[in-house]
Amino acid sequence: MNDAVLSQTLPRPFDTLRAVNLTVKTWFYVAAIGHAIFLAYILAVFYPPIAQSGLHGLQGLHLPTGFREGDTLGNLASVSHVLLAVIVIGGGPLQLVPAVRRHAPAFHRWLGRSYLLAAMVSSIGGLYMTWTRHTVGNLVTQIGITVDGILILAFAFLAVRNAMAGRITEHRRWALRLFMVASAVWFFRVALMGWAVLTDGWGIHWESFTGPFLYTLGFGNYLLPLAMLEWYFYCQKRKAGQGIQIAFVSTLLPLTVFMGIGIFAATMGLWLPRV
Ligand code: HEM
């Protein structure tokens, strides 16, 4: 029997790299559905009042600092922040769909530039609001989101620099890191609500929006996705052993289930009631 026939008849060892890619694909589609729900919420809650009343449209909404008489710069930051969120939350997952890249490369490039710009302007506006207006939480939560804002700006810069230098593999890696930090605000909401449902809000003081769980999540909402991404990159390498790949799958699968629970909880408890 020659090798080709042998390879067809012998049972193949468990293909762990295939398992890694399949798990990541599943994670991505669950995350994309969750992003689409958050996108629909942003469009339904913020766009109609802003289209009707401009900056005053933020008055009476649930935002902790929304509209403030006399603070034009802060109001502009707030309005542009929620308007641009549509490009960040809607565009991020779309950029990662291989079929879009393959069949509509011009759209991919156009959306990529808009995504980068929207994420950077959103971050600058977010940093401005965090440090000039008193929002929810305390210094620890403010530092947590500030680090996220700085990472968004840094990763956007590195993604552009590598693209301009023609280093496409490096560009792709920085773009994926940018997706993780720009979507951290989405991870935050989903993990918060998933945790609240599963533990009855252990470690969360709702009135002051402080507590050990919120401090951990304030940094974990981007550090955990970034760590998983680096682990995924490592799994793709030739030298990655099967044990590492199986450990990756065994970690990402329960995280994906938790994410699914969080998406459901955030939709029912956070987003639907405000529409
Ligand atoms: C780039 C990704 C980001 C997106 C897509 C995003 C999205 C949003 C959305 C949709 C809201 C409205 C609240 C809600 O209904 O859930 C919001 C509020 C807010 N965000 Fe962000 N955000 C991002 C990044 C940031 C960053 C990096 C910071 C701070 C450094 C920040 C600070 C804030 C603040 C302070 C508010 C409250 C605004 C107010 O009370 O008027 N955001 N964000």
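1. Accessible areas in this note come from the Shrake-Rupley method with a 1.4 Å probe. The structure under review is a predicted model. On that basis, the accessible surface of the protein comes to about 14,700 Å², and carbon and sulfur atoms account for 69% of this area. Of the 275 residues, 44% are buried.

2. On overall dimensions, the C-alpha trace spans about 85 × 45 × 30 Å along its principal axes. The radius of gyration is 21 Å, which agrees with the value near 19 Å that a compact globule of 275 residues would have. Contacts between residues at least 6 apart in sequence join, in 68% of cases, residues at least 24 apart.

3. The secondary structure consists of 11 helices and zero strands. Along the sequence, the pattern therefore reads α-α-α-α-α-α-α-α-α-α-α, given that helices and strands are taken as DSSP runs.

4. An unreviewed UniProt entry lists residues 27-47, 76-98, 110-131, 143-164, 176-198, 213-234 and 246-272 under "transmembrane region". Two of these spans may be set against the model. Residues 143-164 are 100% helix and 0% strand, with end C-alpha atoms 32 Å apart. For residues 176-198, the helix content is 96% and the strand content 0%, and the end C-alpha atoms lie 29 Å apart.

5. A nonpolar patch on the surface is formed by Trp131, Leu139, Ile143 and Val147, which together have about 360 Å² of accessible area. Helix H7 (residues 139-164) gives the most to this patch, with three residues. Tryptophan 131 lies in helix H6 (residues 105-132). With a relative accessible area of 44%, tryptophan 131 is partly exposed, and it therefore passes the requirement of over 30% for membership of a patch.

6. The structure holds two salt bridges. In one of them, arginine 133 pairs with aspartate 71, and the closest N and O atoms are 3.0 Å apart. Arginine 133 is in the loop between H6 and H7, while aspartate 71 is in the loop between helix H3 (47-53) and helix H4 (72-95), so this pair ties together parts that are 62 residues apart in sequence. Both arginine 133 and aspartate 71 are buried.

7. A salt bridge also joins glutamate 230 to arginine 177, with 2.7 Å between the closest N and O atoms. Because glutamate 230 belongs to helix H10 (residues 212-235) and arginine 177 to helix H8 (residues 168-182), the pair ties together parts that are 53 residues apart in sequence. Glutamate 230 counts as partly exposed, at 33% relative accessibility, whereas arginine 177 is buried at 11%.

8. Two backbone positions in the loop between H9 and H10 deserve a comment. Aspartate 200 has a phi near 60°, a positive value in a residue other than glycine; its place is in the loop between helix H9 (184-199) and H10. Phenylalanine 209 is likewise not a glycine, yet has a positive phi of about 55°, and is found in the loop between H9 and H10. Aspartate 200 is exposed, with a relative accessible area of 72%. Phenylalanine 209, by contrast, has a relative accessible area of 18% and is buried, since the limit for that class is under 20%.

Terms used:
Residues are numbered from 1 along each chain as its sequence is written. This is a predicted model: local features need pLDDT of at least 70, side-chain atom pairs count only at pLDDT 80 or more; totals for chains, interfaces and linings use all residues. Side-chain values use heavy atoms; hydrogens and water are left out. Patches are made of residues with over 30% relative accessible area and no salt bridge: like charges are joined within 9 Å, nonpolar side chains (Val, Leu, Ile, Met, Phe, Trp, Tyr) within 5 Å. A salt bridge is a side-chain nitrogen of Lys or Arg within 4 Å of a carboxyl oxygen of Asp or Glu. Helices (H or I, at least four residues) and strands (E, at least two) are DSSP runs, numbered from the N terminus. Buried means under 20% relative accessible area, exposed over 50%, partly exposed in between (1.4 Å probe, protein chains only). UniProt positions are given in the numbering used here, feature names are shortened, and annotations may be inferred rather than shown by experiment. The radius of gyration is taken over C-alpha atoms; the globule rule is 2.2 Å times the number of residues to the power 0.38. Contact means heavy atoms within 4.5 Å.
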